[in-house]
Structures are given as C-alpha cells and as structure tokens.
Amino acid sequence: MNLLGETAIGVGIGVALLALALLFARSIRIEDIVSAGRKPEAKADGGYAHGFPSGYGKPTGVIRWLTTVDHKDIGLLYLTFGSIAFFWGGTDAMMIRTELFTHSVDVWDTATYNGLFTMHGLTMLFFFATPVLFGFINYFLPLLIGADDMAFPRVNAVAFWMLPAAFVLVRFGLLSDIIGHVIQPVLGMAAASPFFRLEPPQTGWTMYTPLARQRPNPMINIMLLGLHLSGISTTLGAINIIVTTFTLRDVDWGELDIFTWTALTQAGLILFAFPLLGSAIIMLLLDRVFGTTFFATGGGGPMLWQNLFWFFGHPEVYILVLPPMGLISLIIPKFSGRKLFGFKFVVYSTLAIGVLSFGVWAHHMFATGMDPRLRASFMAVSLAIAVPSAVKTFNWISTMWNGAIRLEAPMLFCVGSIATFIIGGVTGVFLAAIPVDLILHDTYYVVGHFHLIIMGLIPFGMFAAVYYWFPIFTGRMYDRTLAKVHFWLTFVGVMITFNAFIVLGMMGLPRRYASYPVKFQLLQQIASFGAVLIALGSLVWIWNMLQSYRNGDIVTDADVWNLKKYGMFSKEWQWFEEQLESR
C-alpha cells in the first residue's frame with residue numbers, strides 16, 4: 001500500500017477514535033467526579049446509564065448487560081469476555097502445538113504459524129489475563145472494602161466496552177479473511193481483495209523493530225490501534241481501582257484484605273507502565289504511516305523499541321501475577337483453618353515487587369551488547385526481586401503448616417500454583433544471571449520459565465477464585481468431582497508441557513521456529529501431549545461451569561465452605577448471606 005493509502009487509513013481510524021473519545025467524554029457526568037471524594041448514598045442496583053429513571057430496577061435480557069454500570073455486572077462481563085479470549089488464545093496454542101508435533105512444516109505454512117504465534121501471545125496477555133483479574137476486582141473490591149460501587153461507575157462501563165472493540169481490531173486479520181471469503185462469491189474478487197490484504201500480523205507479540213516497522217501489512221497498524229485502545233481501557237480501570245480504594249473504603253488501612261492490597265499495587269503499576277506502551281505504539285505508528293524515524297537506524301534506533309517495550313513488559317508480568325498472588329493469599333487460609341502467616345510481610349513484599357519491577361526490564365536485553373556495567377546493575381535488581389516472591393511462597397507454606405487443610409478444588413489449585421511458581425521462579429533466577437542468560441536467551445528454556453508463571457500461577461489462582469466464589473456468582477454449587485478432574489488434568493498437563501520446554505531449551509533449541517532438527521521431535525511431542533491434557537481440562541471446566549449454572553444445587557446456606565467455624569466468614573460472604581436472607 002502506498003504512503004497516500006496508509007495515510008488515508010490512519011486519518012480514518014484517527015477520526016473514528018476521536019468520535020469514540022467524544023462519546024466517552026459525554027458518558028462521564030460531573031457529579032460522578034465530584035462524588036469520588038465522598039461515599040455515595042447506597043443504591044440497590046448500583047445505578048444505570050441513560051434511559052432508566054433513578055431507582056429503576058435492573059432491566060432484563062440484553063439491555064441489562066449493555067447498559068449496566070453495576071460493579072458486579074461489569075465484573076461478570078469482564079470474566080465472560082476473558083473466558084472467551086482464553087479459549088480463542090488456547091485454540092491458537094493448540095494449532096501451534098499441532099504444527100510442532102513433527103519437525104517439518106507440514107500442517108500450517110510458516111506465515112500462518114507466525115501469525116498464530118503473534119496472536120496467541122497478545123490475546124492471552126492483553127485480553128485474557130488482565131480482563132479476568134479486573135473481573136474479580138470489579139465484583140469483589142467494593143464488597144471487601146464496604147463500598148456500594150466503584151468510584152466512577154460509568155467510566156467503569158466505558159472501560160469494559162473498549163475491550164471488545166480493541167479485541168476485534170487486534171484480531172481483525174482472521175475476521176477480514178472470513179469476510180473476504182464471504183464477499184468473493186457474491187461481489188467478486190475486486191471487492192474482496194482489500195479484506196485479503198489484511199493478513200494476521202507476523203511480528204511476534206513483542207513487535208520488535210525493524211521488522212514491525214518495515215513490514216507492509218496494513219493489519220499491523222490496525223493491531224497497534226487495538227492494543228492502544230486496550231491500554232486506555234486498562235488505565236481507566238486502574239484509576240477507578242485506586243480512587244475507589246482511597247475514597248470509598250469503610251475499613252482502616254491496617255484492616256485491608258490482602259487481595260485489595262495486591263489489586264491496589266497492580267493499579268499503581270498500570271498507571272506507570274501502560275502509558276509508556278501507548279506512547280511507544282504511537283511512535284511506531286508514526287514511523288509506519290508518516291515515515292518518522294523514532295525506531296529507524298538514523299533516529300532512535302531499533303533498540304529504543306526494546307527499551308520502551310520492556311519497561312512496560314516486565315512490570316506487566318507483575319501486573320498479571322500480583323492479583324493471583326493476592327487470591328492465593330486470600331484462599332489458602334480459608335482451607336487451612338489459620339490466618340495468613342506474616343500478613344504484614346506479604347503486604348510489604350507486594351509493595352516491594354511493585355517498586356522493583358521497574359528496575360529489571362533490561363534483563364531481557366542482556367544479549368544485545370549493552371554496557372556491562374548496566375547489565376550488572378540490572379542483574380542485581382533481577383536477583384533481588386526474587387526475594388519478595390520467595391517471602392510469599394514461604395508464607396503460603398507456613399500458613400498451611402499444621403493447619404486443618406481441606407483439599408477442595410480452590411485449595412488444590414492454590415497448592416498446584418505454589419508448585420508451578422517454585423519451578424518457574426527458580427528457573428527465572430538462573431535467567432537473571434548474565435552468563436547463564438547469554439546461553440539460554442531465546443531458547444525454549446525462556447518459554448518454559450515464562451509459561452510456568454503465566455499458565456501455572458496466574459490461571460491457577462484464577463481457577464481457585466472461580467471455584468471459591470462460584471456460589472456467590474450464581475447462587476448454585478458446581479460439581480466438585482469434575483472440578484478435581486479439571487485440576488489434575490491441568491496440573492499434570494502444565495508440568496509435562498513446560499518442563500519439556502525447559503529441557504528443550506537446555507538442549508539448545510531456539511524458540512519461535514516452525515521447524516526444528518529431528519532430534520528434538522520426541523520432546524516436542526511430549527509437550528504437545530501435555531497441551532492436550534490442558535485443553536481437556538479446560539473443556540471439563542467450561543462444561544462444569546455451564547451445567548452448574550443451569551442445574552447445580554441451589555445454595556441455601558451462605559457458609560458453603562464452613563468458614564464460620566474458623567472465624568473466616570469475610571465481608572463478601574456476609575454480603576452473600578444477606579442476599580440469601582432477603583429472598
């Protein structure tokens with residue numbers, strides 16, 4: 001596409017974003033901002049957008065979900081959206097593992113593999129993990145701190161509805177291909193050809209320059225706009241979390257629960273990290289569309305992108321991992337019959353991770369030839385950040401020690417997350433050491449380490465929370481046997497798949513390639529078998545959730561986990577008990 005065409009597309013999308021910004025501005029009412037500094041009067045439904053009078057009960061059907069600004073409804077919308085993204089991104093992963101089952105490229109072509117690789121990473125990081133965590137936070141943060149709703153209910157709704165639009169933009173390469181095939185028989189190839197030109201990006205999820213800057217595929221521009229929109233959504237959500245916690249809490253700081261502490265720290269990290277990513281994306285768009293030289297050799301250079309991206313990228317890891325750590329810290333005491341061991345140290349370690357996370361980004365760049373003195377300082381901070389993470393692990397184990405442990409599904413996922421976190425964390429310590437990293441950089445070892453966290457600790461904490469709070473979400477109980485089947489399939493699958501990656505990396509297999517030497521084929525097939533187990537576990541989970549939502553045993557006693565016996569019947573369960581009593 002020539003410069004004029006690129007410019008026209010850029011201007012058109014810019015006008016569309018401006019219209020969206022104006023719509024957003026209209027949705028914020030002055031009284032929302034003024035009332036953020038004081039606790040609003042209680043409302044039965046949390047309030048609704050324009051079209052329903054004050055005090056009006058919840059509408060039914062689609063209208064309810066399109067217009068709601070109730071924090072609980074928005075939390076469920078986030079969880080539903082994140083679950084859809086999880087299965088779409090998981091489908092990408094299974095297609096990748098299908099190609100890698102044999103050493104040659106014989107299922108998909110290389111271009112398709114690279115597109116799958118790119119979309120899998122972006123989908124899981126931006127549209128699965130963060131939305132699901134925001135779903136839990138939206139639903140339970142007001143309940144845990146004694147607030148009636150989030151500080152800015154309408155901003156909360158706008159932040160969510162930006163995500164589906166952003167998701168469509170990022171993944172529009174596949175959608176445009178489908179549209180092209182539908183149009184072609186009716187209107188001919190001339191009408192369908194523009195849709196076929198929007199191929200899925202093949203830049204990798206890190207979008208390194210000069211590759212991302214020079215590839216002519218216009219779909220990269222649309223993907224960058226989608227990522228920028230998702231960043232705006234996430235930043236709005238973070239502002240809402242911070243304002244809600246500071247202004248609407250009904251408890252002292254010393255009585256704040258551990259999940260709220262981790263959510264607050266996550267929101268602080270988002271405020272510093274996501275605007276930088278947004279700025280870098282705008283610079284890359286300007287380079288691609290208008291020919292600026294931010295990342296050209298004659299300007300800032302390709303290494304500028306890596307510095308900007310990883311200054312966001314490594315705090316992003318902790319943006320994703322801190323709330324699941326909070327969920328695990330919240331749930332383990334409930335099924336151990338003991339208070340969280342060293343509560344203050346867990347809080348301090350959370351804050352320490354938040355601060356240190358901005359001083360480790362360049363350990364992703366040890367192999368780029370940076371100044372050895374800088375490398376040494378980043379190695380020191382990368383090793384230091386392992387200490388607060390280890391504090392949490394020892395506190396979890398100490399909480400369970402001599403406790404009245406009950407291995408219900410939430411507890412199983414918490415224990416499993418500790419196991420995956422220990423392996424993922426220890427392998428990360430090795431990568432923080434410069435000499436080791438220079439050998440293992442860009443091998444499957446890095447993929448295994450990363451996925452033991454991103455597919456071990458994070459989803460395990462999420463699944464634990466879903467099972468723990470499922471009665472509150474639905475008023476019903478799930479099938480406990482199927483929940484345990486889900487755990488064992490997922491846990492065994494994660495251990496097989498990503499420990500196989502660790503071995504492949506130590507044997508020297510580079511990552512990202514669609515083909516590989518035949519000597520690695522057996523281990524790749526073992527990894528693919530583990531991935532199949534994870535997929536089966538996910539199918540068991542979604543079946544259990546849907547069937548239990550429809551036909552599960554109705555909950556009549558809010559103390560479903562026998563928490564009163566141990567003095568752990570917390571605020572959200574007290575709220576649930578009040579709801580049951582008022583029926």
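**Group meeting: a walk through the helices, the core and a pocket**

Hi everyone, let me start with one side chain. Leaving aside residues up to four places away in sequence, Trp469 touches Phe136, Phe140, Leu327, Leu330, Glu572 and Trp573. Please keep in mind that we are looking at a predicted model.

Why begin there? Trp469 is one of the residues with the most contacts inside the largest nonpolar core, together with Phe136 and Met223. That core has 175 residues. Which helix gives the largest share of this core? That would be H18, residues 444-474, with 22 residues.

Now let me step back to the overall picture. The protein has 21 helices and two strands. Along the principal axes, its C-alpha atoms fill a box of roughly 65 × 55 × 50 Å. The radius of gyration is 24 Å, and this agrees with a compact globule, because 583 residues packed that way would give a value near 25 Å. Of those 583 residues, 55% are buried. If we take the contacts with a separation of 6 or more, 79% of them are between residues 24 or more positions apart.

Here is a residue to zoom in on: Thr130, which lies in helix H5. Is Thr130 buried or exposed? Thr130 is buried, because its relative accessible area is 3%, and the cut-off for buried is under 20%. Again not counting residues up to four places away in sequence, the contacts of Thr130 are Leu125, Thr234, Glu316 and Leu320.

On to the empty space. The second largest pocket has a volume of about 1,300 Å³. Its lining is made of 41 residues, and those closest to the pocket centre are Leu76, Leu79, Thr80, Phe473 and Thr474. Several helices give two or more residues to this lining: H3 (61-67), H4 (71-99), H5 (110-145), H6 (153-170), H18, H20 (521-551) and H21 (571-581). H4 provides the largest share, 11 residues.

What is the make-up of that lining, in nonpolar, polar and charged residues? We find 29 nonpolar residues, seven polar ones and five charged ones.

Before I stop, one link between the two parts of this talk. Helix H18 gives the largest share of the largest nonpolar core, and H18 is also among the elements with two or more residues in the lining of the second largest pocket. If you have the structure open, H18 is a nice helix to follow by eye. Thanks for listening!

Definitions and conventions:
Residues are numbered from 1 along each chain as its sequence is written. This is a predicted model: local features need pLDDT of at least 70, side-chain atom pairs count only at pLDDT 80 or more; totals for chains, interfaces and linings use all residues. Side-chain values use heavy atoms; hydrogens and water are left out. A nonpolar core is a set of buried Ala, Val, Leu, Ile, Met, Phe, Trp, Tyr and Cys residues joined through side-chain atoms within 4.5 Å. Buried means under 20% relative accessible area, exposed over 50%, partly exposed in between (1.4 Å probe, protein chains only). Helices (H or I, at least four residues) and strands (E, at least two) are DSSP runs, numbered from the N terminus. Contact means heavy atoms within 4.5 Å. On a 1 Å grid over the protein atoms alone, a cavity is a set of points where a 1.4 Å probe fits but cannot get out, and a pocket is an open set with protein on both sides within 12 Å along at least five of seven lines; lining residues have an atom within 4 Å of a point. Grid points are joined across faces, edges and corners, and a volume is the space filled by probe spheres set on the points. Ala, Val, Leu, Ile, Met, Phe, Trp, Tyr, Cys and Pro count as nonpolar, Asp, Glu, Lys and Arg as charged, and the others, Gly among them, as polar. The radius of gyration is taken over C-alpha atoms; the globule rule is 2.2 Å times the number of residues to the power 0.38.
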